[in-house]
Amino acid sequence: MMKDMSVEALGMEKLGEFLDYCRKHRKDVDDSFLYEEDLRDFAIHEDHPTYIALNSAGDLVGAASLIKDAYHRKGRRGRFRIFHTEAEDLTLYEQLLKSIVRHGEGLDQLFIFVPTLQVRAMELLERLDFKLERYAFILAHHDLEKPTFRVPDGYRLEAFRAGRDEEAWAEVRNAAFAKLKGNEMPVTPEMVAQMAAEDDNLKGGMLMLYHGERAVGIVRGADDEFEGAPTMNIGPLGLLPEYQGKGLGRVLLRAAMAFAVERGYSQAMLCVNAENERAKNLYLQEGFRQVEAAANFRYDIVKSLMAD
């Protein structure tokens, strides 16, 4: 470790500095859990163990924070909220990682997303024995116009009803994403209810596609921003496996885009896994363009503990 550097568990006296550090560097890392609402609700808790690196003056120069809530424990995979140091010192990263691994009980792996532009960060992770698992792309549409679409006969689109549709939404989402890397872990109706209650949720932005009385598809449009401008974030978008390949994904996408225009958004964004080529091709055909890419790295806790 660099001279006069120390690593310690986050305490209340450094909480504000930690949050400021996250704000300062969120564009240097994957910021999925570093939005203002996430930081506003962050609290020191066993579900997200957090360590900070301090220099000789006591200034915060690095942080590692893990998301280890019930959802991630169930999948036995913890996700980093942030793993970053200003010094880019390998030994300092090793000490932060070692501190986090101590909280790995019940987990098999840790994972983190890194923007592919951050080449140095990717190199550091590989030197720390993280393994590249997959890539994901951020696509954006900067000139939204309200698209036309037709819901096929026998189908209908309905707005999600809080308190009634959580179970059906979860069933469709889980079946649609069961084989998609990084999304295999099922969500619960309680998690759907929580998503519908979040600050970024838009009234009427969660839509469900029915075939007769059966829910077969879902799509959500949420409030977001991209490059400093208001943006509607589309996702998840999913269909039951037996309803895929019928053009219904385009119907859901266009319904979400139409909703965005109706709510005054001029741009939209979404995320897609690299291996999900059919979905990516659909988005490109509808005017979206790739604007960012992120690499997903995995760290095997079991191997680490055995090595120790």
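This is a guided tour of a predicted model, one selection at a time.

**Stop 1: the sheet**

Start with the strands alone. You should see an open sheet of 12 strands with mixed pairing. Trace the order across: β1-β2-β3-β4-β5-β12-β6-β11-β10-β9-β8-β7. Which are the edge strands? They are β1, residues 6–9, and β7, residues 155–159, and each pairs on one side only. Turn the view to follow the twist, which averages 25° from one strand to the next.

Now select residues 50–54 and 60–67. These are β2 and β3, which pair in the antiparallel sense over 5 bridges. Pick Tyr51 and look across to β3: Ala64 is its bridge partner there.

**Stop 2: two helices on the sheet**

Select residues 166–177. This is helix α6, and it packs on the sheet. It touches β8 (201–211), β9 (214–226) and β10 (229–239). Its direction makes about 85° with that of β9.

Next, select residues 248–262 for helix α8. Which strands does α8 lie across? They are β6 (131–141), β7, β8, β9, β10 and β11 (268–273). Compare directions with β10: helix α8 runs at about 155° to that strand.

**Stop 3: β8, β9 and β10**

Stay with these three strands. Strands are held to one another in a general way: they pair through backbone hydrogen bonds, either parallel or antiparallel. Here, β8 and β9 run antiparallel and are joined by 7 bridges. Select Leu209, then its bridge partner in β9, Gly217. The two strands form a hairpin with 2 residues between them. In that turn, click on Gly212, which has a positive phi of about 65°.

Move on to the next pairing. β9 and β10 are antiparallel too, over 9 bridges. Asp224 is a good marker, with Thr231 as its bridge partner in β10. This hairpin also has 2 residues between its strands, and Glu227 takes a positive phi near 55°.

How many of the residues of β9 are buried? The count is 10 of 13, so the strand is mostly covered.

Before leaving, select Gly235 and Pro236. A cis peptide bond joins them, with omega about 5°. Pro236 lies in strand β10.

**Stop 4: aromatic rings**

Show the aromatic side chains. The whole structure holds 10 aromatic pairs. Take Phe80 and Phe130: their ring centres are 6.3 Å apart and their planes stand at 50°, so the pair is tilted. Phe80 sits in strand β4 (residues 77–85), while Phe130 is in the loop between α5 (119–127) and β6. The pair links distant parts of the chain, 50 residues apart.

Are these two rings buried or exposed? Phe80 is buried because its relative accessibility is 2%, under the 20% cut-off. Phe130 is buried as well, at 2%.

Add Phe83, Tyr93 and Tyr299 to the selection. Together with Phe80 and Phe130, they form one aromatic cluster.

Now find Phe111 and Phe113. This pair is edge-to-face, 6.3 Å centre to centre with 85° between the planes. Both residues are buried.

**Stop 5: charges over rings**

Keep Phe111 on screen and add Arg77. The arginine lies over the face of the ring, 4.6 Å from the ring centre. Then select Phe137 and Lys280: here Lys280 lies over the ring face, at 3.9 Å from the centre.

**Stop 6: Arg79**

Select Arg79, in strand β4. Its relative accessible area is 13%, so this arginine counts as buried. Its side chain makes a polar contact of 3.4 Å with that of Ser32. What else is in contact with Arg79, leaving aside neighbours within four places in sequence? The partners include Asp30, Phe33, Ser65, Leu66, Ile67 and His72. Phe111 and Phe113, from the edge-to-face pair, are also in contact with Arg79.

**Stop 7: two loop residues**

Finish with backbone angles. Glu88 lies in the loop between β4 and α4 (90–101). Its phi is near 55°, a positive value in a residue other than glycine. Glu88 is partly exposed, with a relative accessible area of 38%.

Last, select Asp129. Its phi is also positive, near 75°. Asp129 is in the loop between α5 and β6, where Phe130 is found too.

Conventions
Residues are numbered from 1 along each chain as its sequence is written. This is a predicted model: local features need pLDDT of at least 70, side-chain atom pairs count only at pLDDT 80 or more; totals for chains, interfaces and linings use all residues. Side-chain values use heavy atoms; hydrogens and water are left out. Two strands pair if DSSP finds at least two bridges between them. Helices (H or I, at least four residues) and strands (E, at least two) are DSSP runs, numbered from the N terminus. Axes are lines fitted to C-alpha atoms, for helices over the stretch in contact, and angles run from 0 to 180 degrees between N-to-C directions. Contact means heavy atoms within 4.5 Å. Rings of Phe, Tyr and Trp (its six-membered ring) pair if their centres lie within 6.5 Å; planes under 30 degrees apart count as stacked, over 60 as edge-to-face and the rest as tilted. Buried means under 20% relative accessible area, exposed over 50%, partly exposed in between (1.4 Å probe, protein chains only). A charge sits over a ring if NZ of Lys or CZ of Arg is within 6 Å of the ring centre and within 35 degrees of the ring normal. A polar contact is a pair of N or O atoms within 3.5 Å; within protein, one must be able to donate a hydrogen and the other to accept it, and residues adjacent in sequence count only if both atoms are side-chain atoms.
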